[in-house]
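Take a walk through this protein chain, starting from its inside. Keep the sequence and the 3D view open side by side.

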Amino acid sequence: MKRFLFCASIAITMLFVGCSKESDLAMPNNIKEGRKFVATIEDNQTRLHAEKPNIVWDVNDLISIIDGDNNLSYIYDDEDKSFSPSENNINNIEVPEGEVYAVYPYDENNSVTDGEFSLTLPANQSYAENSFGDGANTMVAVSNGNDLYFKNVGGYIELKLYGNDVTVKSIKFEGNSGEQLSGNVIVSFDGGGNPTYEWNPASSNAETKVLTLTCPNEGITLGNTDAEATSFWFVVPPQTFNNGFTITITDTNGINYIKRTTKSIELQRNHLKPMAAFNILTIPPENVLWCYVGDERYPVPVVPSSEGGIDIYDI
């Protein structure tokens, strides 16, 4: 998916027929004939933030169209701004007119039982500039026609980091009370037509309590000042972190910087929670010694030794 930034005063909920630019691409050969769907996504609500992302579909985005026991892969066609059956539908199952359920992103394990979605919220997310990564933002829809109105399941936490000559490789996010953040969920619509979720207890383990945001191989170099802070977005299941949360920032040298807040933080569905920008160089690194050469200092990563001490590298 693509995300674009607009001033918050502009209403950004729109039909994607009107918000994607024209494409010169021919119809991809992985699109089949069949029932088509046009998709709209609800507006993202923000608090204390001047901008917000407008989400538009990208070529080859996949959604699940669920009709009874059939979970069918539908692909976005930028030429006619709609979703059509993809070549992954190897059984050529036709979706009849009538009620359907839809999920973004497509997953072969997506299902619906008695009007409730069974889905998996991802533990691993990828970096995207000023927004969330592809596949991170789970959305659901139900329709009796060919127009799908997707609603977001999660909320959004934005970290804003800066620091001279720091390149980030990955960031981990975890609640201080061991809150579950990923895994199998049952999603349904409440009386107001908004998604709510319940965890499948069998899916809870240590890995589901940490979200990992991974940057490209070369990493993401931070801005040098507060005004130039770099944004990192997590899509997080809405909940209250009663004892706050912890983030662990790992740079491309393998150095970890840990930042904690113990304040109670409520994250609402479909809302952005922006955190104040901070200089990560003010955080004492967790796994580093400093080597001084004259007035210059250089980080030396260390790791626990198998013999009970520490091993020092790159000296």
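The largest cavity holds about 80 Å³ of space. This model is predicted, and a search of the whole structure finds two cavities of 30 Å³ or more. Rolling a probe the size of a water molecule over the atoms shows where empty space is left. Which residues line the largest cavity? Leu121, Pro122 and Gln125 are among them, as are Ala136 and Thr138. Val153, Gly154 and Leu181 also belong to the lining. So do Val235, Val236 and Pro237. By class, eight of the lining residues are nonpolar and three are polar. None is charged.

Val236 leads on to the largest nonpolar core, where it is one of the residues with the most contacts inside the core. That core has 28 residues. Leu161, Ile171, Phe173, Phe232, Ile249 and Ile280 share this distinction with Val236. Six strands give two or more residues each to this core: β14 (155-162), β15 (167-175), β18 (211-214), β20 (230-236), β22 and β24. Pick out Ile280 to see how the packing works. Leaving aside residues up to four places away in sequence, Ile280 touches Leu161, Tyr162, Val166, Leu222, Ile249 and Tyr257. Apart from the largest core lies another, of 19 residues. Phe37, Ala39, Ile63 and Ala102 are among its members. In soluble globular proteins, nonpolar side chains tend to be buried together.

Now step back to the whole chain. How many helices and strands does the protein chain have? There are zero helices and 29 strands. Of its 315 residues, 47% count as buried. Contacts with a separation of 6 or more come largely from far along the sequence: residues 24 or more positions apart account for 71% of them. The chain exposes about 15,800 Å². Carbon and sulfur atoms supply 46% of that area.

Next, look at an open site. The second largest pocket has a volume of about 260 Å³. It is lined by 14 residues, and the closest to its centre are Phe245, Thr261, Ile265, Met275 and Ala276. Strands β22 (245-251), β23 (256-261) and β24 (265-267) each give two or more residues to the lining. The largest share, three residues, comes from β23. Strands β22 and β24 also give two or more residues to the largest nonpolar core. The lining of this pocket divides into seven nonpolar, two polar and five charged residues. The largest cavity, by contrast, has no charged residues in its lining.

Finish with the backbone. Three loop residues deserve a look.

Pro105 lies in the loop between β8 (100-104) and β9 (111-113). The peptide bond from Tyr104 to Pro105 is cis, with omega near -5°.

Asp114 lies in the loop between β9 and β10 (116-121). Its phi is positive, about 50°, although Asp114 is not a glycine. Is Asp114 buried or exposed? Its relative accessibility is 77%, so Asp114 counts as exposed.

Asn130 sits in the loop between β11 (124-126) and β12 (139-143). Asn130 also has a positive phi, near 55°, in a residue other than glycine. At 30% relative accessibility, Asn130 counts as partly exposed, because that class lies between under 20% for buried and over 50% for exposed.

Notes: Residues numbered from 1 in each chain as written. Predicted model: local features only at pLDDT ≥ 70, side-chain atom pairs only at ≥ 80, totals over all residues. Heavy atoms only, no water. Helix = DSSP H or I, 4+ residues; strand = E, 2+ residues; numbered from the N terminus. Buried < 20%, exposed > 50% of the residue type's maximum accessible area, 1.4 Å probe, protein only. Contact = heavy atoms within 4.5 Å. Areas by Shrake-Rupley, 256 points an atom, 1.4 Å probe, with all protein chains shown as cover. 1 Å grid on protein atoms, 1.4 Å probe; cavity = no way out; pocket = protein on both sides within 12 Å on 5 of 7 lines; lining within 4 Å. Points joined across faces, edges and corners; volume = space filled by probe spheres on them. Nonpolar A, V, L, I, M, F, W, Y, C, P; charged D, E, K, R; others polar. Core = buried A, V, L, I, M, F, W, Y, C linked by side-chain atoms within 4.5 Å.
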